[in-house]
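Visitor: I'd like to go through this protein with someone who can justify the labels. Can we take it piece by piece?

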Amino acid sequence: MKTKIITSIYSNLHGTEFGGRPSRGGHYKYSLRTQLKMTDADFVCYTSESEIEDLKQFFYDENHISDDKLKLKIFDISNFSLTDKINKIKNVEETKVSDRCVEIQYSKFIWSLEESNIGDYDMIYWFDAGLSHSGLFPPKHMNNIGYWEQN
């Protein structure tokens, strides 16, 4: 059975009109690296133009993850098919201090539909890039170095 996992990394949204948790870049990268090492599924990770080179360097160069295993794709959350509708109802000042980005939440549907038309996959899932924190995965997939240095 061929599986695709869709995720995203947008690390620098806290305090902006998009909202998001502060200082999460390292967490998202190391967490996704753990997920990649636990399965033979193919992954696609949506990100911003400003973050893509850092992600390529981390995943492809430092961790030797194949671009066949992990595709990195730029997606502009400030300008897509639902932007006007979201902006009509969004309270920007509340969003700046929020942990969640509405644009990412709605983009998950768009990305899932788009990815379901690419390749011959039996199953397609959305996983949060930060999923592997707080012991959610069995210890056999971790080591004792600490959560930022898990291999």
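Guide: Let's start with the largest pocket, keeping in mind that this is a predicted model. About 360 Å³ of space lies in that pocket.

Visitor: Which residues are closest to the centre of the largest pocket?

Guide: Tyr-28, Asp-99, Arg-100, Gln-105 and Asp-128 are the closest, out of 23 lining residues. Strand S1 (3-9), helix H1 (25-37) and helix H5 (102-116) are the elements that give two or more residues to the lining. H5 has the largest share, with three residues.

Visitor: What makes a residue part of the lining of a pocket?

Guide: A lining residue has an atom within 4 Å of a pocket point. For the largest pocket, 23 residues line the space. Sorted by class, they come to eight nonpolar, nine polar and six charged residues.

Visitor: How is the whole chain laid out, from the N terminus on?

Guide: The order is β-α-β-α-β-α-α-α-β. That comes to five helices and four strands. Of the contacts with a separation of 6 or more, 78% are between residues 24 or more positions apart.

Visitor: How many of the 151 residues are buried, as a percentage?

Guide: Buried residues make up 42% of them.

Visitor: Let's try one in S1. Why is Ile-9 called buried?

Guide: The cut-off for buried is under 20% relative accessible area. Ile-9 has 0%, so Ile-9 is buried. Ile-9 lies in strand S1 and touches a long list of residues beyond four places away in sequence, including Tyr-28, Leu-32, Cys-45, Ser-48, Leu-55, Phe-59 and Ala-129.

Visitor: How far apart are Ile-9 and Glu-51 in space and along the chain?

Guide: Their C-alpha atoms are separated by 8.3 Å, and the two residues are 42 apart along the chain. Glu-51 is also among the residues that Ile-9 touches.

Visitor: Ser-48 was in that list as well. Is Ser-48 buried or exposed?

Guide: Ser-48 has a relative accessible area of 15%, which is under 20%, so Ser-48 counts as buried. You'll find Ser-48 in the loop between strand S2 (42-47) and helix H2 (52-62). Setting aside residues up to four places away in sequence, Ser-48 touches Ile-9, Tyr-10, Ile-74 and Phe-75.

Visitor: What makes the pairing of Ser-48 with Ser-50 a polar contact?

Guide: Their side chains come to 3.1 Å, and the limit for N or O atoms is 3.5 Å, so the pair qualifies.

Visitor: What about Phe-58: why is it called buried?

Guide: Phe-58 has a relative accessible area of 3%, under the 20% cut-off, so the label is buried. Phe-58 is found in helix H2. Leaving aside neighbours within four places in sequence, Phe-58 is in contact with Lys-29, Tyr-30, Arg-33 and Asn-63. Phe-58 and Lys-29 are 29 residues apart in sequence, with 7.8 Å from C-alpha to C-alpha.

Visitor: Now His-64. Why is His-64 called exposed?

Guide: Exposed means over 50%, and His-64 has 67%, so His-64 is exposed. The loop between H2 and strand S3 (70-74) holds this residue.

Visitor: What is notable about phi of His-64?

Guide: Phi is near 55°, a positive value in a residue other than glycine. Most residues other than glycine have a negative phi.

Visitor: Why is Ser-98 called partly exposed?

Guide: Partly exposed is what sits between the 20% and 50% cut-offs, and Ser-98 has 24%, so that label applies. Ser-98 is in the loop between helix H4 (92-96) and H5. Beyond four places in sequence, Ser-98 touches Gly-19 and Gly-20. The side chain of Ser-98 also reaches the backbone nitrogen of Arg-100 at 3.1 Å. The C-alpha atoms of Ser-98 and Leu-13 are separated by 9.9 Å, and these residues are 85 apart along the chain.

Visitor: Last one, on cysteines. How many disulfides are there?

Guide: The count comes to zero. A disulfide calls for a pair of cysteine sulfur atoms within 2.5 Å. As for accessibility, Cys-45 has 0% and is therefore buried. Cys-101, at 5%, is under 20% too, so Cys-101 also counts as buried.

Terms used. Residues numbered from 1 in each chain as written. Predicted model: local features only at pLDDT ≥ 70, side-chain atom pairs only at ≥ 80, totals over all residues. Heavy atoms only, no water. Buried < 20%, exposed > 50% of the residue type's maximum accessible area, 1.4 Å probe, protein only. Polar contact = N/O pair within 3.5 Å; in protein donor to acceptor, adjacent residues only side chain to side chain. Contact = heavy atoms within 4.5 Å. 1 Å grid on protein atoms, 1.4 Å probe; cavity = no way out; pocket = protein on both sides within 12 Å on 5 of 7 lines; lining within 4 Å. Points joined across faces, edges and corners; volume = space filled by probe spheres on them. Nonpolar A, V, L, I, M, F, W, Y, C, P; charged D, E, K, R; others polar.
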